[in-house]
Amino acid sequence: MTSPHTAAEPTATAAAAVATPEAAGGLRTARGRGAALAPVALVVSAGISVQFGSAVAVMLMPRAGAAGVVTLRLAAAALVLLVLCRPGLRGYRRADWGTVVAFGAAMAGMNGLFYQAVDRIPLGTAVTLEVLGPLTLSVLASRRLVNFVWAGLALAGVALLGSGGGEGFGSLDLAGAAFALGAGACWAVYILFSARTGRRFPQADGLALAMAVAAVLSLPLGVVQSGAELLVPSTIGLGAAVAILSSVLPYTLELLALRRLPASTFAILMSLEPAIAATAGFLVLHQALSVTDALAIALVIGASVGAVRSQVGRGH
């Protein structure tokens with residue numbers, strides 16, 4: 001039910017805006033800030049969803065293996081998106097389909113390599129290494145000096161994470177670290193083609209088609225590693241949950257955000273992912289952080305906050 005106070009608030013606000021031009025200007029400013037922060041909120045929400053979904057996926061790996069989890073995640077996500085979006089297949093040019101295929105390939109590579117990484121190294125560390133891809137993109141794509149500063153601060157946090165304290169990168173499984181770095185490279189490509197797909201296809205149609213491409217590309221590896229385990233009902237159920245948390249919801253939110261954020265700012269904002277992943281790893285997987293790890297992640301968060309403030313300050 002709507003309270004009398006709630007019902008009266010729009011009328012009172014409108015009256016105040018008419019009575020005083022200053023109030024109207026303040027209202028426009030507030031709305032402008034809200035509009036500027038909206039895509040930021042979309043990206044942060046996507047990060048929370050995907051990292052907690054990744055934590056659930058780690059719990060599923062003993063049953064289906066890393067490749068099997070990727071196959072379940074992408075196949076279930078593709079099915080959900082295709083049913084919801086019902087994307088049309090006519091009226092698109094060859095370049096449009098090339099963009100979708102590239103987006104899907106980047107998605108398959110990002111997921112496949114990342115799950116190979118978290119099967120070997122802690123979730124927070126894997127995401128911290130992975131985020132080097134978007135950070136590199138931010139440096140290459142940025143045209144503002146301040147973005148280089150924030151990217152440098154985030155890179156300093158990554159370097160601190162690997163310098164010692166806790167395990168450090170030196171004692172990590174080298175294959176796991178390499179998989180995480182490869183996932184980061186695919187993540188950078190994903191950001192670029194996600195933005196292009198959002199411009200070429202209406203709503204989430206391009207995302208649904210790209211997810212189908214990613215599912216097809218991942219299927220052979222999943223079948224080879226997991227076989228009949230992929231058909232166990234409980235495994236399918238957990239895979240569907242991972243798909244919703246780690247693919248359907250976050251990719252849709254990111255696609256919407258990329259229509260209103262430049263790729264460079266979006267890439268720097270992705271620096272929040274290590275902190276979210278470390279929190280998910282601690283709460284779900286009981287993976288603790290050292291003081292040095294926490295400080296390193298704090299530097300990355302500081303870089304993200306700086307990037308957001310810089311973006312809002314420009315009125316985007």
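C186 is buried in this predicted model, at 18% relative accessibility. The cut-off for that label is under 20% relative accessible area, so the value of 18% for C186 falls within it. C85 is partly exposed, with a relative accessible area of 23%. A disulfide is a covalent bond between the sulfur atoms of two cysteines. The search for such pairs was made with a cut-off of 2.5 Å between the sulfur atoms. The count comes to 0 disulfides.

The overall fold was examined next. The chain has 12 helices and 0 strands. From the N terminus on, every element in the run is therefore written as α. The chain holds 316 residues, and buried residues make up 47% of them. Contacts across the sequence were also counted. Among contacts in the chain with a separation of 6 or more, 87% are between residues 24 or more positions apart. The accessible surface comes to about 14,500 Å². Carbon and sulfur atoms account for 68% of that surface.

Salt bridges came next. The count is 2, and D96 takes part in each of the pairs described here. In one pair, the side chain of R93 meets that of D96, with an N to O distance of 4.0 Å. In the other, R200 pairs with D96, and the closest N and O atoms are 2.6 Å apart. R200 belongs to helix α7 (residues 174–200), whereas D96 belongs to helix α3 (residues 94–118), so this pair ties together parts that are 104 residues apart in sequence. Through shared partners, the salt bridges join R93, D96 and R200 into one network.

The members of this network were then compared by accessibility. D96 is buried, because its relative accessible area is 6% and the label applies under 20%. R93 is exposed, because its relative accessibility of 58% is over the 50% cut-off. R200 has a relative accessible area of 33%. That value lies between the two cut-offs, so R200 counts as partly exposed.

A further buried position was found in helix α8. This helix spans residues 205–226 and includes S218. S218 counts as buried, at 7% relative accessibility. Its contacts were listed without its neighbours within four places in sequence. On that basis, S218 is in contact with V70, T71 and L74.

Technical notes: Residues numbered from 1 in each chain as written. Predicted model: local features only at pLDDT ≥ 70, side-chain atom pairs only at ≥ 80, totals over all residues. Heavy atoms only, no water. Helix = DSSP H or I, 4+ residues; strand = E, 2+ residues; numbered from the N terminus. Buried < 20%, exposed > 50% of the residue type's maximum accessible area, 1.4 Å probe, protein only. Contact = heavy atoms within 4.5 Å. Areas by Shrake-Rupley, 256 points an atom, 1.4 Å probe, with all protein chains shown as cover.
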